[in-house]
Every structure is written in C-alpha cells, then in structure tokens.
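Let's take a walk through this protein, starting with the empty space inside and ending at a couple of residues worth a look. Keep the viewer open as you read.

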Amino acid sequence: MPFARYVSFVLAIVIAGSCARTVAADDASTARPPNFVVIFADDLGYGDLSCYGHPTIATPHLDRMAAEGIRFTQFYSAASVCTPSRAALLTGRLPVRNGMSSDRRRVLFPNSGGGIPAEEVTLAEGLSEIGYAAGAFGKWHLGHLPQFLPTSNGFDTYFGIPYSNDMDRVSGDPKGRAAFWDPKVEYWNVPLIRDTEIVERPADQTTITRRYTEEATSFIRSHKSEPFFVYLAHSMPHVPLFRSPEFEGHSRRGLYGDVIEEIDWSVGQVLQTLREEGLAENTLVWFTSDNGPWLIFGDHGGSAGLLKDGKGCTWEGGMREPAIAWWPGTIPAGTVSMEIGSTMDIFTTCLTLAGGTVPDDRVIDGVDLTPVLKGTGSGARDHMFYYRGTELMAVRFGPWKAHFHTQGAYGADARKRVAHDPPLLFNLEHDPSEKQNVAGDHPDVIEKIRQIVARHRENLEVPPSQLEIPLN
Ligand code: MG
C-alpha cells in the first residue's frame with residue numbers, strides 16, 4: 001500500500017473509531033435517566049419567597065430557579081405537620097395509608113419507638129433498585145432508631161438530624177418560652193448523625209444549613225458519573241432559628257429572613273454545582289416545604305401570604321406551599337402553573353421519569369406531573385385530601401374546597417374540632433383566603449365531593465385503629 005493511502009487508511013480508522021466512541025457516548029448520555037434533587041424546607045410559608053410575593057425577604061437564587069423552570073401556585077404538602085408530610089413525600093401515599101399518621105401525637109418525638117414501616121417503598125428504594133445512588137442530608141423525622149433511618153430506607157448515606165431541631169431539650173433547664181425563642185441558648189440536645197452514628201451532640205445549628213449544603217454538593221460531585229437522587233431536607237426555618245455568621249443581619253426581614261436567605265444561598269450552591277459538572281440538563285430539581293408557617297412563634301414564624309392560617313391546620317396556609325421545579329432544556333423557562341400538584345406527585349413523577357416501577361400492589365396517591373413540567377399537557381390531579389391525623393377534615397375538588405371539620409392549629413384552639421354539615425365551601429380560585437362560604441349556593445358541588453369521599457373511603461385499605469404511630 002502506498003504511504004499516502006496507508007496514512008489515509010489509518011486516518012479513516014482513527015476517525016471512524018472516534019466517531020463510534022462519540023456516538024456511543026451520546027447514546028450513553030441520552031439513555032441515562034435524569035438525576036433528581038429534592039430540596040425540602042421545614043415550616044416555610046407560601047408567602048416567604050420573593051418570587052411568591054414577600055416584600056423584604058430576598059431569594060434571588062430561588063427566583064432564578066423559577067425563572068428558568070416552573071413555579072406552581074396550587075401545590076400541596078400532604079399534611080400540615082412534619083412526620084406525616086415527609087412520609088407522604090417519600091412514599092407517594094397519604095399518611096393515613098403509610099402508617100405515619102397519628103391523632104394522639106401528630107409527629108414522632110425522641111421517645112417514640114416507631115418509624116416508617118419497612119414495607120413502605122420510599123422514593124430512594126424505588127430509585128436505588130434501578131441503579132441510582134441516593135443521599136439524604138438534613139432532617140429525617142421518620143424514626144430515629146437505626147432500622148428507621150435513611151440508610152434503612154434506600155439511601156446510601158445520611159448526614160443530618162433525626163427529628164425536629166426543637167426536640168430533645170436538655171432536661172431540667174429552667175428556661176421557659178422566652179428562652180425557647182433565643183437562638184443563643186443551646187439546650188436543644190439534638191444529635192447530628194452520619195449514616196447511623198451520632199457524630200455531634202448537640203448539633204451546632206448555627207452552621208447546619210451550610211454543612212447540609214456542602215454534604216449535598218459533595219455527593220453530587222462524587223456521583224456525577226451515575227444517576228443519583230439527593231434529598232436535601234433543611235431543618236430550617238423550623239424554630240429555633242439559626243443561621244451562619246455570614247448571614248447575620250443579611251435580611252431586612254430580621255432573623256427569619258436571614259434563615260430563608262441562607263436556604264436561598266444553598267439552593268444557588270446546588271444549582272451552580274449542577275451547572276459546573278455539566279449535569280444541569282439531566283437533573284430535575286424540586287424545591288418545596290413540608291408544611292406552612294408556624295404562626296404562634298410571632299416573627300420567628302413565616303407567612304402564608306394571602307392564605308389562611310398556617311402549620312398544624314387544614315386551612316390553605318397549613319398545606320399549600322411554594323413549589324418550584326427546574327430542569328433546563330426540558331421544563332420551559334418561566335412557566336407559572338396553576339395546576340394542582342402535591343408532594344406525593346414528586347414520588348410518582350421521579351419514578352416514572354427514571355424508568356422505575358411505581359408500586360402496583362398498594363394505593364399510590366401521587367400522579368405523574370411530567371406533562372405539566374414539560375408543558376405538553378394538563379395535570380392528572382383534580383383533588384386533594386386534607387387530613388389531620390386520621391381524620392379527613394377537608395377535600396379540594398377542582399377550584400372547590402369543602403371543610404367537613406375545622407380545628408385550630410395549636411394552643412387551646414387545637415382541642416376544638418368543629419363539625420360542619422353541610423360543609424363549609426370555598427371557591428379557592430376566586431377566594432384563596434377562604435373568607436366567603438358559598439355552600440348554600442352549590443349543593444351540587446357538595447354532593448359531588450361527598451361522592452369523592454365515599455369512593456376514597458372504599459379503598460382506604462387500613463382501618464384507623466391500626467394507624468397509631470407505635471410509641472416506646
Ligand atoms: Mg415542618
């Protein structure tokens with residue numbers, strides 16, 4: 001073979017080989033399922049972000065996330081307090097089905113012996129089954145004993161606190177409510193856990209938002225070559241409030257604003273890490289909260305904006321949350337969606353997008369929001385159930401919400417459950433603040449909602465007597 005032909009022959013092989021490698025690499029990257037990051041705030045109100053109308057809390061990173069993605073205006077957690085809400089997010093099931101719903105004690109405490117039942121399938125378990133790496137960072141609150149911790153529920157690693165940051169106060173402390181409000185008083189003996197071992201006690205909460213963030217971004221970098229799921233569940237802005245020294249005096253909204261602005265910084269760090277690692281276009285990031293603002297704590301609690309009441313009750317302020325999803329190139333930028341969505345839908349949507357299995361041996365309450373995210377269709381969810389413990393308090397159907405029972409969130413009001421027959425009825429799309437009861441004008445709507453309740457009760461599966469969280 002003449003030398004020139006030999007050179008071109010070799011060149012052709014080299015070029016063909018490199019093309020083959022490029023095609024193979026492209027195939028691999030398009031075949032790879034998306035990564036998921038769920039950022040979950042604690043007790044953040046509907047009105048606490050600047051992109052949801054707060055006038056003095058600055059959240060530029062969340063605002064940018066919304067501008068580049070989708071912002072929901074009618075998105076719900078599945079409960080108005082921590083434990084049941086988190087269980088619903090991770091199982092796609094109403095707390096009344098997944099064993100994390102209790103009338104007696106509405107959340108798990110440090111002396112609770114129970115936790116999320118082993119037979120529940122968490123999002124991390126569903127994803128790890130198909131090869132995802134999964135890391136949990138932050139507040140867990142689904143059982144603090146080793147058999148209930150994230151590492152027993154599909155996560156490869158965990159770094160965070162096992163229950164709320166105000167629990168486990170040092171016994172014998174004489175300080176009362178006034179001290180409880182003081183973030184400098186470190187008598188919350190909350191442990192910080194890595195996997196299953198306590199590594200710090202009490203957890204230094206002044207740096208906890210920053211440290212969760214560093215752990216999550218480090219996990220993303222070290223797992224960038226495989227599909228991953230990051231659950232970043234901030235323990236803020238649940239009281240007592242803490243922020244890093246860099247955020248002291250950061251916000252015109254005071255301490256609470258400082259805390260939100262540090263969470264906003266954290267969101268910016270996560271998104272920037274994804275951009276730097278070239279993962280942005282293959283990662284779906286969610287941001288939302290477990291329940292509404294804890295209003296009894298005055299200016300240490302947030303705001304539900306124009307929604308009524310807050311954490312602990314089934315008025316809109318207790319369960320409707322800010323919710324933003326980001327996936328550049330797939331979610332059309334700048335979308336504002338008025339579709340009804342729920343944290344339970346995150347479970348179904350992620351498992352579906354990943355090509356995983358949504359369990360079919362039990363009732364799943366989450367629906368697939370992919371058409372809403374991609375702007376290709378409307379949502380599959382037309383209703384929401386509002387539970388308090390095991391009691392169905394209210395039902396939303398389309399724009400309508402019927403309250404069969406109402407009850408205050410905390411204090412003396414929390415013991416007063418009022419039954420309504422006929423139910424109170426509000427048109428949430430005309431009256432998001434639930435001020436004008438229009439039950440008398442719409443008996444047909446009430447009848448329809450009663451039928452929905454009857455159908456719901458037919459497949460509730462588990463009798464209420466079995467639904468107490470096992471204690472001690
Ligand atoms: Mg909470």
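A cavity, as the word is used here, is a set of grid points where a 1.4 Å probe fits but cannot get out, and its volume is the space filled by probe spheres set on those points. Rolling a probe the size of a water molecule over the atoms shows where empty space is left. Bear in mind that what you're looking at is a predicted model.

With that in hand, how many cavities of 30 Å³ or more does the structure hold? There are three, and the largest has a volume of about 80 Å³. To find that largest one on screen, pick out its lining: Ala78, Ala79, Ser80, Val81, Pro84, Pro95, Ser101, Ser102, Arg106, Tyr387, Arg388 and Gly389. Sorted by type, the lining comes out as six nonpolar residues, four polar and two charged. Colour the model by domain and you'll see that domain 1 (33–381) and domain 2 (386–467) each supply at least three residues to this lining.

Now zoom out for a moment. The chain has 472 residues, and 57% of them are buried. Its secondary structure comes to 12 helices and 14 strands. Among contacts with a separation of 6 or more, 69% are between residues 24 or more positions apart.

Next stop, helix 7, which is where threonine 213 lies. Is threonine 213 buried or exposed? Its relative accessibility is 2%, so it counts as buried, the cut-off being under 20%. Leaving aside residues up to four places away in sequence, threonine 213 touches His234, Trp265, Ser266 and Gln269. Take histidine 234 from that group: it sits 21 residues from threonine 213 along the chain, and their C-alpha atoms are 8.9 Å apart. Closer by in sequence, a polar atom of the threonine 213 side chain lies 2.6 Å from the backbone oxygen of threonine 209.

Follow helix 7 (208–222) onward and you reach the loop that leads to strand 7 (228–233), which is home to histidine 223. Even in a loop, histidine 223 is buried, because its relative accessible area of 18% falls under the 20% cut-off. What does the histidine 223 side chain pair up with? Its partner is the side chain of glutamate 226, through a polar contact of 2.6 Å. Again setting aside residues up to four places away in sequence, histidine 223 also touches Arg32, Ala133 and Phe228.

Note on methods. Residues are numbered from 1 along each chain as its sequence is written. This is a predicted model: local features need pLDDT of at least 70, side-chain atom pairs count only at pLDDT 80 or more; totals for chains, interfaces and linings use all residues. Side-chain values use heavy atoms; hydrogens and water are left out. On a 1 Å grid over the protein atoms alone, a cavity is a set of points where a 1.4 Å probe fits but cannot get out, and a pocket is an open set with protein on both sides within 12 Å along at least five of seven lines; lining residues have an atom within 4 Å of a point. Ala, Val, Leu, Ile, Met, Phe, Trp, Tyr, Cys and Pro count as nonpolar, Asp, Glu, Lys and Arg as charged, and the others, Gly among them, as polar. Domain bounds come from an automatic or database domain assignment. Helices (H or I, at least four residues) and strands (E, at least two) are DSSP runs, numbered from the N terminus. Buried means under 20% relative accessible area, exposed over 50%, partly exposed in between (1.4 Å probe, protein chains only). A polar contact is a pair of N or O atoms within 3.5 Å; within protein, one must be able to donate a hydrogen and the other to accept it, and residues adjacent in sequence count only if both atoms are side-chain atoms. Contact means heavy atoms within 4.5 Å.
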